[in-house]
2 protein chains.
Amino acid sequence: MSGETAFSAYNPAALVDLYQLTMAQAYWHEGMHGEAVFSLHFRDLPRGRNFVLAAGLHAVLDALESFRFDRHTLDYLAGHELFREDFLRWLEDLRLDATVRAVPEGTVVFGQEPLLEVTAPVIQGQLVESLIMNQIHVQSVLASGAARIVAAAGGRPVVDFALRRMHGSDAAVQGARAMYIGGAHATSNVLAGRRYGIPVTGTMAHSYVQAHADERAALRAFAELYPETTLLIDTWDALDGVDRVIALAREQGEQFSVASIRIDSGDLEALAGTCRQRLDEAGLSQVRILVSGGLDEYRIARLVQNDAPIDGFGVGTHMGTGGHAPTLDLAYKLVAYEGRPCIKTSPGKPVYPGAKQVFRQQDAGRFSGDTVAAHDERQDGAPLLNEVMRDGRRTAPDEALADIRARAAAQVRALPEDVRKLEAATEPYRVNISPALRQAHEDALGTRR
Amino acid sequence: MSGETAFSAYNPAALVDLYQLTMAQAYWHEGMHGEAVFSLHFRDLPRGRNFVLAAGLHAVLDALESFRFDRHTLDYLAGHELFREDFLRWLEDLRLDATVRAVPEGTVVFGQEPLLEVTAPVIQGQLVESLIMNQIHVQSVLASGAARIVAAAGGRPVVDFALRRMHGSDAAVQGARAMYIGGAHATSNVLAGRRYGIPVTGTMAHSYVQAHADERAALRAFAELYPETTLLIDTWDALDGVDRVIALAREQGEQFSVASIRIDSGDLEALAGTCRQRLDEAGLSQVRILVSGGLDEYRIARLVQNDAPIDGFGVGTHMGTGGHAPTLDLAYKLVAYEGRPCIKTSPGKPVYPGAKQVFRQQDAGRFSGDTVAAHDERQDGAPLLNEVMRDGRRTAPDEALADIRARAAAQVRALPEDVRKLEAATEPYRVNISPALRQAHEDALGTRR
């Protein structure tokens, strides 16, 4: 324990499971410095999900480029009798010279497809496992969930309101970026906006209305300071609230330029309908109606299907924690050591051997199926994994976030109709394992038994 | 966007929703610097849950004590046309002089009970909302889930293996601490161990076995380097694996001191039974059996009920992401401004007015019910909220983590039997609202309407 606070910077190398370090020392002790390939994939899509959007690569590349054990962590490890002093000295000097191949952020991926592969001396590949998974997992989970919510909203903007219920500060900031990749229109999260250039928006909270004894005074004061704002109308009663907005419009006359009202509770469909009617009757058809409060993709889809006069959605908890699929069965597995293909035969957890490539086939502009193949095979379709790091350095600058977001949208659009639906696809997206890869797996099984 | 990496330190003040800042500027513009009380509570327990363990206060106090807007964030805000230069200058000089009352970490709490209350000028109380919730929410969620998993394990140690699938680095580190509070025995997370002095343990992964062409050679090499280690036996076949451990014991003779084996896949109950039998027959009854792999409280409870010969559990995904209840309906509400009680009447979201205290009654050493009262009322039982910060400074050093963990265990033990069960309690824990508080709510409603 130290003088660090909960908000001190993290040394990415310290974000490691102890067994990575004990295994690293064992490899080192045994002189095992051979080249290994580790492959990051999930076995199956989460229940009810038809695709996953890959995200988080940028954070992984940041961490790998700057990877080094700091003095603080080394001193801590030295206090464990597990570690030899000469190993810790070796660890202190360790810098990564890994090669990384990965699918670009915003790519749709499926079970058994590598999102990322690390080729490096086995110790290096082992030491970065927890870190890579910790970042890619949550960001892919949140990007994927956001894509569903955005799809349900059918073109109406979805704003990320999730900061307060997301799992800690890192999830909040990286997750806001991931949800933006998944199609969120903006975030309420200032730090995420500052760090990643995501559009930041916000309205007002009930507390502001409560602090003023009088709702009308509160709405007026806010609209005077922020003429094009959104006014929250349901602190007391949404219908009284909308009437107060209408009264304010009458009072302000041509000055009135409030952009929207927000309803955060109650029967959103019915309230939106009545508010729309009252606003229209008052000649305020330009005032939009935003809703929030416990929304998920299913509630949003129902509101949209029922033609509720809603112009946008603020979504918090469900989008920010992964909603109905907060985890992904992501695994990072050794698939080759010193050129020897490696597999695993633990029941229910097959791992195909060797470095891989994924080929995506198209038919009339739509994705028609993928083939997972050995990385040096040639198959129909476009390869998904590119080299993004060589000898521990990025091979190219990070992509612009806007480009990643556009890719995600294009990829989701290119999925078969059935796979884009919120419901489990009748015919799941087709992922083939190439005959050569199947054969390599059989061969490796033969050697093992 | 800037030269920051994904792992740059966070300025806690920047972890804020934009609307907190627009409301702050509005209060400032209107000269509203009156004292406000904000109350942090959840409305209802998550479905199927009988209690929540409060955690995360230490991080909140860290953030509030060091709260200030950094230059980077102020420059970013200056780039938004929303904010006036003189307000941003005021913001730059802002330091908190808040008073905070809170229940100690490791306290069991229920719906409508404040976990924490902030008394401060309204702007200050408003600006820290998202930050406080972002930290208390996830830490309470994870401590609560861990307490259930630990209870299911019936005294057998539970080790946190969750780092890789937790939601980002902050959740991983603060969450490891929260799960330790909830009763986890140790963590695999080195950074959490270093930062908070949590016991850190670890075994070996399949990759280590795979990297060696020969499982026997891998097990032998690891046991030679770490004589009292845990050997993972199911890379190929758990029963072949245990036979290899037995062969190693014969080979090493009196040198053999392997502490345990770990099974990570397959039918854990059946495999543990056969492994136990083979180990015992080989005279290795001292070798313990640990299991892991997709465990949650229900699977663990079943293994324990069935008397599976299992000595400990490694739990990852479910414990580290909140398992079956990854979120809590936590809210931070204005309950008083300038001495005037504040309520809210949004449908389904009642908020009782004013600063509060919770009194916990006991009967024969067991908690028998709580009363939520106005903070200056006297009720039967022991008050739960204490002043932990005055004028922006902690009133006492942080409690030792061991003490918090012991409190959590004692509190869970003191719950009624029915409330400690994994299943939803037949008779949920009794939380009364004091007559005076109900009356204050009625009075406030009367004023509003």
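Two residues are in contact if their C-beta atoms, placed from the backbone, lie within 7 Å. Keep that in mind for the exercises below. The model is predicted, so local features need pLDDT of at least 70 and side-chain atom pairs count only at pLDDT 80 or more, while totals for chains, interfaces and linings use all residues. Residues are numbered from 1 along each chain as its sequence is written, and chains are lettered from A and ligands numbered from 1 in the order in which they are written.

**Exercise 1. Work out how chain A and chain B are related and how they meet.**

Step 1: superpose the copies, by least squares on the C-alpha atoms of residues with pLDDT of at least 70 in both. Chain B lands on chain A with an RMSD of 0.0 Å after a turn of 180 degrees and a shift of 0.0 Å along the axis. That is how a two-fold axis relates its copies.

Step 2: look along the axis. B:Ala9 is the residue of chain B that comes closest to the rotation axis, its C-alpha sitting at 2.1 Å.

Step 3: size up the contact. Chain B puts in 98 residues and chain A puts in 98 residues. On chain B's side, the top contributor is helix H1 (residues 18–29), with seven residues. Helices here are DSSP runs of H or I with at least four residues, strands are E runs of at least two, and both are numbered from the N terminus.

Step 4: sort chain B's side by class. You get 47 nonpolar, 34 polar and 17 charged residues, where Ala, Val, Leu, Ile, Met, Phe, Trp, Tyr, Cys and Pro count as nonpolar, Asp, Glu, Lys and Arg as charged, and the others, Gly among them, as polar.

Step 5: compare the two sides. The copies meet through the same surface, because 100% of the interface residues of chain B are also interface residues in chain A.

**Exercise 2. Describe chain A as a whole, then split it into domains.**

Step 1: take stock. Chain A has 17 helices and 19 strands, and its C-alpha trace spans about 80 × 60 × 35 Å along the principal axes. Of its 449 residues, 56% count as buried; buried takes 20 or more other C-beta atoms within 10 Å of a residue's own, exposed takes 12 or fewer, and partly exposed is in between.

Step 2: split it. The bounds, from an automatic or database domain assignment, give domain 1 (17–23 + 32–143 + 325–448) and domain 2 (145–321). Over C-alpha atoms, the centres of these two domains of chain A are 37 Å apart.

Step 3: check where the domains touch. Domain 1 of chain A brings 21 residues and domain 2 of chain A brings 22. On the domain 1 side, H6 and helix H15 (401–413) of chain A are the elements giving two or more residues, and H15(A) gives the most, with six.

**Exercise 3. Find what is covered up, and one residue that isn't fully.**

Step 1: go to the largest nonpolar core, a set of buried Ala, Val, Leu, Ile, Met, Phe, Trp, Tyr and Cys residues joined through C-beta atoms within 7 Å. The core has 304 residues, and those with the most contacts inside it include A:Ala143 and B:Ala143.

Step 2: list who touches A:Ala143, skipping neighbours within four places in sequence. Among them are A:Leu53, A:Met179 and A:Ala408.

Step 3: try helix H2 (residues 57–65) of chain A. Seven of its nine residues are buried, including A:Leu57, A:His58 and A:Val60. Its buried residues pack against several elements of chain A, among them helix H6 (129–152) and helix H7 (168–181).

Step 4: now the contrast. A:His29 lies in helix H1 (residues 18–29) of chain A and counts as partly exposed because it has 15 C-beta neighbours inside 10 Å.

**Exercise 4. Trace the strand pairing in chain B.**

Step 1: recall that two strands pair if DSSP finds at least two bridges between them. One open sheet has seven strands in the order S13-S12-S1-S5-S3-S17-S18 (chain B), with antiparallel pairing. Strand S13 (340–341) and strand S18 (393–394) of chain B are its edges, each pairing on one side only.

Step 2: zoom in on S1 (residues 35–42) and S5 (residues 116–121) of chain B, an antiparallel pair with six bridges. B:Ser39 stands opposite B:Glu117 in S5(B).

Step 3: move to S14 (residues 356–363) and S15 (residues 366–374) of chain B, which run antiparallel and share eight bridges. Their hairpin has two residues between the strands, and B:Ala364 takes a positive phi near 50 degrees there.
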